[in-house]
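Biologist: I should like to understand how the descriptive terms used for this model are justified. Let us take them one at a time.

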Amino acid sequence: MNILITGGSGLIGQALIKRLQADRIIVLTRNPEKSANVLPDNIELTSSLDEVDFNNLDVVVNLAGEAIVDKRWSSTQKNTICQSRWQITQNLVDKIHAATTPPHSFISGSAIGFYGRQGPSAIDEAHQDIYDEFSHQVCQKWEAIAQQANSDKTRVCLIRTGIVLASNGGALSKMLPAFRFGLGGPIANGQQFMSWIHIDDMVAVLLAAIEQPDLSGVINATAPTPVSNQKFSETLSTVLSRPCMFRVPAFVLRILLGESADLILYGQNVLPRKLLDNHFKFQYPSLHKALTQLLLKS
């Protein structure tokens, strides 16, 4: 199997590459030298899609995109967030369309931000009552572009990813310092839901999307047990044997992050209905088990 991956040097991309069984793995990267330092020696690196023959690819995995919460959402940063997803996805779709024998599968990233802010009620892939805000607008167009690759020759999966928990980066690494010093706690009222997934299960979802032809369309990549921010904070504190006493007021987060604070102050109670219906087995279905493995493993 020959696979092209965008975003291969990111948190999810690196973890996926470690698990892939493929004859040839090509990673599209803007910085081949930097990517070479974090990826295995057998990975082929390219900085241009023009160097890739899409007639000889079996699968394309599209994980590229500017981090959405690392910087305040100025108009310039919003444009960067959008274009870093939309443009590469459009370029991939164009290459797939131009191929005589295109890849049989196009696995393209998205996020549960597609649903916008939601209340505590559980939602799945069929949910239509969308809250129209920036995160939804980014994902809606991102998915619409990717869906253009769908044909009788190419299957498209749209992976709506939740909060990926890993020991070497991502959201958890940003939370840990405060919690380890005993200064962690809920954000605002703590009632907003956090739909999370362990990095190993995230990779397993991508592998299932690659390997199972009966999977297609929108797939929620979240654990089956989302929790409130209050519960998440209490569980993290318990695993670390630290108190959970401090609460971060909403206004402090808005001062620090501006509009992007909404991603943290509001949430979604997202269920992976399509995965469960396809008998996908989560290795880490509970938050306590996931955090214990990530933080206390030897």
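Biologist: Which description fits F280 and F282, buried or exposed?

Modeller: F280 is buried, and F282 is buried as well. A residue is buried under 20% relative accessible area, exposed over 50% and partly exposed in between (1.4 Å probe, protein chains only). This is a predicted model, in which local features need pLDDT of at least 70 and side-chain atom pairs count only at pLDDT 80 or more, while totals for chains, interfaces and linings use all residues. Residues are numbered from 1 along each chain as its sequence is written, and side-chain values use heavy atoms, with hydrogens and water left out.

Biologist: Why does Q21 count as exposed?

Modeller: The relative accessibility of Q21 is 68%, so Q21 counts as exposed. Q21 is found in the loop between helix 1 (11–19) and strand 2 (24–28). Helices (H or I, at least four residues) and strands (E, at least two) are DSSP runs, numbered from the N terminus. In helix 1, the buried residues are I12, G13, A15, L16 and I17. They pack against strand 1 (2–6), strand 2, strand 4, strand 7, strand 8 and helix 6.

Biologist: How do you know that strand 7 is largely enclosed by the rest of the structure?

Modeller: Strand 7 covers residues 155–161, and 7 of its 7 residues are buried, so the rest of the structure largely encloses this strand. R155, C157, I159 and T161 point one way, whereas V156, L158 and R160 point the other way, and all are buried.

Biologist: What makes strand 5 and strand 7 a pair?

Modeller: Two strands pair if DSSP finds at least two bridges between them. Strand 5 (residues 105–111) and strand 7 are joined by 7 bridges in the parallel sense, so they satisfy that requirement. One of these partnerships links S110 to R160 in strand 7. Strand 7 also runs parallel to strand 12 (residues 217–221), with 5 bridges between the two. There, I159 stands opposite I219 in strand 12.

Biologist: Which strands form an open sheet with mixed pairing?

Modeller: That sheet has 3 strands, in the order 9-8-11. Its edge strands are strand 9 (169–170) and strand 11 (196–198), each of which pairs on one side only. Strand 8 (residues 163–166) and strand 9 pair in the antiparallel sense over 2 bridges, and the bridge partner of L165 in strand 9 is G170.

Biologist: What is called the largest nonpolar core, and which residues have the most contacts inside it?

Modeller: A nonpolar core is a set of buried Ala, Val, Leu, Ile, Met, Phe, Trp, Tyr and Cys residues joined through side-chain atoms within 4.5 Å. The largest such set here has 54 residues, and I5, I107, I159 and L236 have the most contacts inside it. Helix 6 (residues 199–211) gives the most to this core, with 10 residues. A second, separate core of 34 residues includes V52, I112, A149 and V270.

Biologist: Which residues are in contact with I107, leaving aside its neighbours within four places in sequence?

Modeller: Contact means heavy atoms within 4.5 Å. By that test I107 touches V59, V60, V61, N62, C157, I159, L206, A209 and I210.

Biologist: Why is the pair of W73 and F134 called edge-to-face?

Modeller: Rings of Phe, Tyr and Trp (its six-membered ring) pair if their centres lie within 6.5 Å; planes under 30 degrees apart count as stacked, over 60 as edge-to-face and the rest as tilted. The structure holds 3 aromatic pairs. In one of them, the ring centres of W73 and F134 are 4.8 Å apart and the planes meet at 65 degrees, so the pair is edge-to-face. W73 lies in the loop between strand 4 (59–62) and helix 3 (75–98), and F134 in helix 4 (residues 134–147), so the pair ties together parts 61 residues apart in sequence. W73 and F134 are both buried. F280 and F282 also form an edge-to-face pair, with 4.8 Å from centre to centre and 75 degrees between the planes.

Biologist: What lies over the face of F114?

Modeller: R160 does, at 3.6 Å from the ring centre. A charge sits over a ring if NZ of Lys or CZ of Arg is within 6 Å of the ring centre and within 35 degrees of the ring normal. The charged end of K78 likewise sits over the ring of F134, 4.9 Å from its centre.
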